[in-house]
Amino acid sequence: MSVSGNDEGNLTGSYSGLRVLDFSTTIAGPHCTRMLADLGAEVIKIETSEGETMRTRPPVRNTCSTAFGQLNVGKRSLVLDLKSPEGVEAVRRLVRTADILVENFRPGVMRRLKLDYASLHKLNPKLIYCSISGYGQTGPSAELPAYAPVIHAASGYEMAHLAYQPGRSRPDYCGIYTADVLTGVYAFGAIGAALHQRRGSGQGQHIDVSMLESMLGLTLNEVQWSQFDVKPTQRPMFGPIETSDGYVMVAIASEKTFRGLMKVIGQPEWISDPRFAIYSDRRENWASLMNGVEAWSRTVTTERCLAALNGEGVPSSAYRTVAEALCDPQLAHRGALAEVEDGGGIFRVMNLPFRMSGAVVSVAKRMSTLGEHTRVYLKEIGLSEDEIAAFAGNKAVRG
């Protein structure tokens, strides 16, 4: 995808010509490396012969997972046994040709395999080596097991979220893995910075990305409030207002939108009301303000409510399911979804949420099968036909 009006036929991906070795599994690392692939990098996903665990996550059609496909489309597939000397040696040969390596094993695993940054930097000083982990590569928590829901709890994110739910004391269940996606994006950004630095220095470096710190980065206000005495409001500022047939989110974050909302609900005199006229007083009396808003919104449908709010420039939206959001004409206009083919048929994945006027940003059209490119890369690193056959545990096949 490129910015509308540009001829994609004359454009290439920003990262075309870069080779990435992808040892990552599940979500955070694969999300990062798929973004690199969408920008033109050659991403070589290295797996065992069984394939990584996301290959079994639903929806699964004809043994092909679309959840796995969404995270790994556009990558080439190389099967290696990293517990064997031959598998490790194959990696070491590939490292000499690589620009970037991404891994999200627990700290210490790559070192035991002698595939850590210190070992591989000697083979390729230009290598940018990105490690993603729960708590970082060093420190008292470094080797603790970590998954996104655990990091959500450890970072304070869940308790911060709970503080915005009046009358509740039990933290929510977790089904959306924010920490994984967010950390993958931070890793993607750090790799871009390292590539820029390498242009001047000629040297690669080790990038250490922490899921814990990534999640803490979401709690911008709370990080500050935890250091100072800040009085909480009676009712959180951003929440649903009820309509006659549903709920609407209204975001009042400026004087202009406040005045627009007062006009919509037929209470223009509240603009100068001592309870609401000044932002600080408005926050103190937020519950009263929103009760007044709901006295109006409950008398209209969601459709009419949104029409009135949008007419006065008040930021608002109905609460939609993901399926409903995907039907938004705005997404169709931007080409936000792309079709991908695998062994189970056609499915759709999200394109990256940005477009570039001078580069292609696009998803590949088909998924690689497990181990599809193993032979190609074994030949590239110098293995003979007999060696390739032995590597796979088969007899040599003469062409």
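Two strands pair if DSSP finds at least two bridges between them. With that in hand, welcome to these close-up views of a predicted model.

**Figure 1. The whole chain sets the scene for the views that follow.** The protein chain holds 18 helices and 13 strands. Its C-alpha trace spans about 85 × 50 × 45 Å along the principal axes. Of its 399 residues, 42% count as buried.

**Figure 2. Strand β10 has a partner in β9 and another in β11.** Strand β9 (residues 240-242) runs antiparallel to β10, and three bridges join them. Four residues lie between β9 and β10 in the hairpin that they form. Look for Pro240, which stands opposite Met249 of β10. Strand β11 (residues 316-318) also pairs with β10 in the antiparallel sense, again over three bridges. Here Val250 has Ser316 of β11 as its bridge partner. Which side chains of β10 are buried? Along residues 247-250 the side chains alternate: Val248 and Val250 point to one face and are buried, while Tyr247 and Met249 point to the other and are not.

**Figure 3. Helix α1 is largely enclosed by the rest of the structure.** This description fits because 10 of the 11 residues of the helix (residues 28-38) are buried. Among them are Pro30, Cys32, Met35 and Leu36. Within the helix, Asp38 and Arg34 form a salt bridge, with their closest N and O atoms 2.6 Å apart. The two residues are four apart in α1, so about one helical turn separates them. Asp38 counts as buried because its relative accessibility is 3%, under the 20% cut-off. Arg34, at 6% relative accessibility, is buried too. Just after the helix comes Gly40, which takes a positive phi of about 105 degrees.

**Figure 4. Salt bridges appear in several parts of the model, 19 in the count.** One of them joins Arg61 to Asp342, with the closest N and O atoms 2.7 Å apart. This pair links distant parts of the chain: Arg61 belongs to strand β3 (residues 60-61) and Asp342 to strand β12 (residues 337-342), 281 residues apart. Asp342 is buried, with a relative accessible area of 13%. Another salt bridge brings together the side chains of Glu294 and Arg298, at 3.2 Å from N to O. Is each partner buried or partly exposed? Glu294 counts as buried at 8% relative accessibility, whereas Arg298 is partly exposed at 43%. Elsewhere, Arg19, Glu42 and Glu380 are joined into one network by salt bridges that share partners.

**Figure 5. A cavity lies inside the structure.** How many cavities of 30 Å³ or more does the structure hold? There is one, and the largest cavity contains about 50 Å³ of space. Its lining includes Lys45, Glu47, Arg55, Phe68 and Asn72, as well as Met367 and Ser368. At least two lining residues come from each of β2 (42-47), α2 (66-72) and β5 (76-79).

**Figure 6. Four residues form a nonpolar patch on the surface.** They are Tyr164, Trp225, Phe228 and Val230, and together they have about 390 Å² of accessible area. Trp225 sits in helix α10 (residues 220-225). This tryptophan counts as partly exposed because its relative accessibility is 34%.

**Figure 7. Asp172 lies in a loop between two helices.** The helices on either side of this loop are α7 (157-162) and α8 (178-201). With a relative accessible area of 28%, Asp172 is partly exposed. Asp172 and Arg259 are 87 residues apart along the chain, and 35 Å separates their C-alpha atoms.

Note on methods: Residues are numbered from 1 along each chain as its sequence is written. This is a predicted model: local features need pLDDT of at least 70, side-chain atom pairs count only at pLDDT 80 or more; totals for chains, interfaces and linings use all residues. Side-chain values use heavy atoms; hydrogens and water are left out. Buried means under 20% relative accessible area, exposed over 50%, partly exposed in between (1.4 Å probe, protein chains only). Patches are made of residues with over 30% relative accessible area and no salt bridge: like charges are joined within 9 Å, nonpolar side chains (Val, Leu, Ile, Met, Phe, Trp, Tyr) within 5 Å. Accessible areas come from the Shrake-Rupley method with a 1.4 Å probe; for residues, only the protein chains shown count as cover. On a 1 Å grid over the protein atoms alone, a cavity is a set of points where a 1.4 Å probe fits but cannot get out, and a pocket is an open set with protein on both sides within 12 Å along at least five of seven lines; lining residues have an atom within 4 Å of a point. Grid points are joined across faces, edges and corners, and a volume is the space filled by probe spheres set on the points.
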